[in-house]
Amino acid sequence: MADVAIIGEQIEDDEVQEILKTGTDLRQYAAQIEKEFKEVENRSIDDYIKESQNIANLHNQIGNTSNILERMESMLMDIQDALNNISTEITSLQKKSVSMSVQLTNRQSIRAQISQFIEDMAVPEEMIACIMDSPVTEKDFMGHLNELNHKLNLMKELNFKDSKSSQDVSDVLQKLKIKAMSKLRLYLMEQIYKFRKPMANYQIPQNAMLKYKFFFEFILSNERAVAQEICNEYVDTMSKIYYSYFKSYSTRLGTLKFEEAVSKDDLMGLDDSVPRSIFSKTSSLKNKSTVFSIGDRGEVLNQQLEAPIIVPHAQQKFRYAYEALFRSEQYALVDNACREYLFVTDFFIVRGPQAQELFNQIMGKTTALLIKNLELYVQDCYDTIALFLCIQLCFRYQLMCHKRCVPALDKYWDNLHAVIWPRFEQVFRMNIQSIQDCDPTKFPKETGPHYITRRYAEFSAAIVGITENFPNELVSHMLLELQEEVKCFMLRMAAIFTTRKEQLIYLINNYDLVLGVLMERTRDNSKEAEAFRELLSTRSAEYVEEILAPHLGGIIQFVKDCEQMRDKEQTEELKRQERRSLQLVANFSANWKKSLEELNREVFLSFPSLLTGSQLLQLALAQLVQYYHKFYKLLTPNARAQLVNIHVIMIEVKKYKSNF
C-alpha cells in the first residue's frame with residue numbers, strides 16, 4: 001500500500017507539474033475533477049442498485065454456508081468423542097486379554113502340577129504286581145522300585161506338611177515298602193552269604209551287589225535299621241574272611257623263608273674266619289649273596305613290585321629272602337584293601353571319616369595280624385638290607401594306594417614304619433659299633449682289600465642305590481657315620497704295617513675296592529664315591545713318590561734343591577752342582593731300564609686289581625718323565641750331552657703301556 005500511495009503521489013505531482021507548465025487554472029481543474037467524481041459515484045450507485053438482488057442472494061448463501069459449517073463442526077466433535085470412547089474400550093479389552101492370558105497360564109501350570117501330583121500319588125496295579133511277584137534282579141522291578149522310592153519320598157514330604165491327601169495311598173505304599181524291603185534284604189543277605197563258601201571268589205558277589213547298589217540306597221533311605229543290619233553282616237563276614245585268608249597266607253609264606261637267618265654274629269666288624277651266607281642252605285643262591293650285598297634282592301622295588309604274589313603251594317621247592325615274602329604279603333593286602341575300600345565307599349555310600357571307620361572294621365583285625373607278625377620277625381632281625389627294603393616297600397605301596405585314591409591304609413603304613421625304623425637304626429648302629437670295636441692286631445697282616453672293607457662297600461652301595469629315588473636324611477647321616485668309622489678302621493689297619501709303602505698299598509687297595517663297588521652299583525657322582533675318589537687320588541700320588549724314590553730319589557732331590565736355589569737366585573751355588581749332576585746322570589744311564597722293569601713288577605705284585613696296578617704304573621711313569629724333563633733343564637751342556645735321550649726313554653716307557 002505504501003508503494004501504491006507513493007506512485008499515486010508521483011502521478012499527481014506529474015499532473016500538477018503538467019498543469020503548471022500549460023498554465024491551466026487549478027480551481028477550474030479541481031471543479032472539473034469534482035464533477036467527474038460525482039459522475040463516477042452516480043454510476044456506481046446505479047450499478048449497485050442493479051446488482052442489489054445478487055448481493056442479497058450472496059448474503060443469504062454466506063449465511064447458509066456458515067450454518068453448514070457449524071453442523072459439520074458439531075458432527076466432527078461427536079466423531080472425536082466416539083473415537084475417544086473406542087480407544088478407552090480397546091485399552092480395557094487389552095487389560096482383560098492380558099488378565100485372561102495370565103489366568104490361563106496359571107491354570108495350565110496348576111493343571112500340570114495337579115496332574116503330576118495325581119500321577120505321583122496314584123499307585124498303578126502294574127507296580128503293585130511287579131513289586132509283589134517279580135524277582136528283584138529283573139529290569140522291570142528296578143524301574144518300579146525307583147518309582148516306589150519316589151512316591152515314598154513324596155509321602156514323607158506330604159506327611160511333614162500334614163497333607164490329608166497322602167492318607168488315601170499311605171497304607172498301600174507302606175505295604176509295598178515292607179514287601180520290597182523284605183525282598184531286597186533277602187537278596188543282599190544271600191549275596192553276603194556267598195562270601196562264606198569255601199574257595200569262593202568274593203569279587204563275583206561284590207560285583208553283583210554293585211550292579212544293584214540302588215537296593216541298599218532304597219533300604220537306607222527308608223529303613224536305617226535294616227541298612228545297618230546288612231552293613232554289620234557284611235562287615236562281620238568280610239572281616240573274618242580277610243583275617244582267615246591272611247593268617248593262612250602269612251603262615252604258609254613263612255615256610256618259604258630261608259632256614260638260616262642273619263644273626264648277631266653276622267655284624268660288619270665281626271671275625272670272618274668262617275665264611276657265612278644267609279643262603280648257605282639253598283643251592284640256587286649259595287655264594288651269590290651275602291649279608292651285606294644286595295645282589296638281586298633290590299628287584300622287589302622294581303620289576304617285582306607289582307609282580308603276582310607268591311603262591312606257597314606252588315613254590316614249595318623255592319626259598320625266599322624275607323623282603324620278597326613281605327612284598328608278596330603287602331601287595332596282596334594293597335590289592336584287596338584298595339578294592340574293598342572302593343567297594344564300601346560306592347555301595348554303602350560313605351565318605352571321609354565314615355568310610356575310614358567302616359574300612360577299619362573290615363580290615364582292622366587283618367592289619368593288626370600283619371603288624372604283629374612283622375614285630376615278631378623284626379625283634380630278632382639283624383638283616384639290615386631286608387629291613388631297609390621293607391621300609392622302601394612301604395613307601396612305594398603307600399604311594400600306589402594314593403594313586404588309586406585309597407587313603408585308608410595310611411595309618412597302617414605309619415605303624416609298619418614305627419615297627420621297622422627303630423630296629424633298622426639299632427642294627428645299623430650295631431654294625432657301626434662292631435667296626436669301632438675291631439682290634440686291627442687280630443687280623444692277618446695282608447695288604448689286599450680287607451673283608452670288612454668289602455662288606456662296607458657292598459652294604460653302602462646297596463643302601464645308596466636303594467635311596468636314590470627316595471632319599472632320607474636319617475639314612476644319609478648314618479651312612480656318613482659308617483663311612484667315617486670305616487675310614488678310621490682302614491687307617492688303624494694301615495698302622496700295623498711297618499713301612500709307609502705297605503701302608504699306602506693297603507689303603508689304595510681298600511679305597512679302590514670301595515670306589516669300584518660304588519661306581520658299579522650307584523651314580524658316579526654320589527657323595528660316597530666322591531669321598532673315596534679323593535682319598536684314592538691323594539694316596540696314589542703319595543705311593544708314586546714312594547716307589548720312585550729308590551730308583552729316582554737322587555734326581556728328585558736334585559731337582560727340588562736346584563729349583564729352590566733358582567727361586568732364591570743362588571747362581572753360584574747352582575754352578576757348583578755340576579759334579580753332583582754328572583754322578584746322577586751316570587747312575588741313571590746305567591740303571592734306568594732296570595728301574596722300569598722293577599717298577600712294573602713291584603706295582604703289579606702289590607695290587608690284585610690289574611686295572612688299578614696299570615693306572616698306578618702309568619702314573620709313576622708319567623711322574624718319572626716329568627722329573628726327567630725338569631732334571632734335563634737344570635743340567636749344564638756338558639752333563640746334558642751324557643744324558644740318555646728323552647725319546648729313547650719314551651719308547652721304552654710305551655712298552656709298559658697297558659690295554660686296561
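**Exercise 1. Classify Ile349 by its relative accessibility, then describe its place and backbone.**

Solution. Step 1: the relative accessibility of Ile349 is 42%, so the residue counts as partly exposed. The cut-offs behind this step are under 20% for buried and over 50% for exposed. Note that the model is predicted.

Step 2: Ile349 sits in the loop between α10 and α11 (352–378).

Step 3: phi of Ile349 is near 55°, a positive value in a residue other than glycine.

**Exercise 2. Treat Cys405 in the same way: is it buried or exposed, and where is it found?**

Solution. Step 1: Cys405 has a relative accessible area of 58% and is therefore exposed.

Step 2: the residue belongs to the loop between α12 (384–403) and α13 (410–436).

Step 3: Cys405 is not a glycine, yet its phi is positive, at about 60°.

**Exercise 3. State which secondary structure the protein contains and how much of the chain is buried.**

Solution. Step 1: the protein has 22 helices and zero strands.

Step 2: of its 660 residues, 40% count as buried.

Step 3: the exposed surface comes to about 38500 Å², with carbon and sulfur atoms supplying 54% of it.

Step 4: take the contacts between residues at least 6 apart in sequence; 76% of these join residues at least 24 apart.

**Exercise 4. Find the residues that touch the most other members of the largest nonpolar core, and list the contacts of Tyr234.**

Solution. Step 1: the largest nonpolar core holds 174 residues, and Phe215, Tyr234 and Phe348 touch the most other members.

Step 2: the element that gives the most to this core is helix α10 (residues 322–347), with 14 residues.

Step 3: leave out residues up to four places away in sequence. Tyr234 then touches Ile192, Phe195, Gln206, Met209, Glu340, Phe343, Val344, Phe348 and Ile362.

**Exercise 5. Sort the buried and exposed residues of helix α7, and explain why the buried ones share a side.**

Solution. Step 1: Pro205, Gln206 and Met209 are the residues to mark as buried in α7 (residues 203–211).

Step 2: these residues cover an arc of only 105° around the axis, so they lie on the same side of α7.

Step 3: the face turned away from the buried side carries Ile204 and Lys211, which are exposed.

Step 4: Gln206 and Met209 also appear among the contacts of Tyr234.

Step 5: Ala208 lies in α7 as well. Setting aside neighbours within four places in sequence, Ala208 is in contact with Tyr187 and Gln191. Ala208 and Gln191 are 17 residues apart in sequence, and their C-alpha atoms are 7.7 Å apart.

**Exercise 6. Repeat the sorting for helix α4.**

Solution. Step 1: in α4 (residues 125–133), the buried residues are Met127, Cys130 and Ile131.

Step 2: viewed down the axis of α4, they fall within an arc of 95° and therefore line one face of the helix.

Step 3: Glu125 and Asp133 are exposed on the other side of α4.

**Exercise 7. Compare the burial of Tyr506 with that of Thr447, and trace the contacts of each.**

Solution. Step 1: Tyr506 is buried, with a relative accessible area of 0%, whereas Thr447, at 25% relative accessibility, counts as partly exposed.

Step 2: Tyr506 lies in helix α16 (residues 500–521), while Thr447 is in the loop between α13 and α14 (451–466).

Step 3: beyond four places in sequence, Tyr506 is in contact with Glu446, Thr447, Gly448, His450, Phe489, Met490, Met493, Ala494 and Phe497. From C-alpha to C-alpha, Tyr506 and Met493 are 8.3 Å apart, with their positions 13 residues apart in sequence.

Step 4: with the same neighbours left out, Thr447 touches Phe497, Glu502, Ile505, Tyr506, Asn509 and Ser606. Thr447 and Glu502 are 55 residues apart in sequence, but 6.8 Å apart in space by C-alpha atoms.

**Exercise 8. Decide which stretches call for caution, and check the annotated region.**

Solution. Step 1: the mean pLDDT is 84, and 89% of residues reach 70 or more.

Step 2: over residues 4–8 the pLDDT stays under 50, and the model has zero contacts for them beyond four places in sequence. Residues 274–289 also have a pLDDT below 50, but this stretch has 24 contacts beyond near neighbours in sequence.

Step 3: where pLDDT is low, the predicted coordinates should not be read in detail.

Step 4: an unreviewed UniProt entry places a "coiled-coil region" at residues 69–96. In the model this span is 100% helix and 0% strand, with its end C-alpha atoms 41 Å apart.

Methods
Residues numbered from 1 in each chain as written. Predicted model: local features only at pLDDT ≥ 70, side-chain atom pairs only at ≥ 80, totals over all residues. Heavy atoms only, no water. Core = buried A, V, L, I, M, F, W, Y, C linked by side-chain atoms within 4.5 Å. Buried < 20%, exposed > 50% of the residue type's maximum accessible area, 1.4 Å probe, protein only. Helix = DSSP H or I, 4+ residues; strand = E, 2+ residues; numbered from the N terminus. Contact = heavy atoms within 4.5 Å. Areas by Shrake-Rupley, 256 points an atom, 1.4 Å probe, with all protein chains shown as cover. Arc of directions from axis to C-beta. UniProt positions renumbered as here; feature names shortened; annotations may be inferred. pLDDT = per-residue confidence, 0-100.
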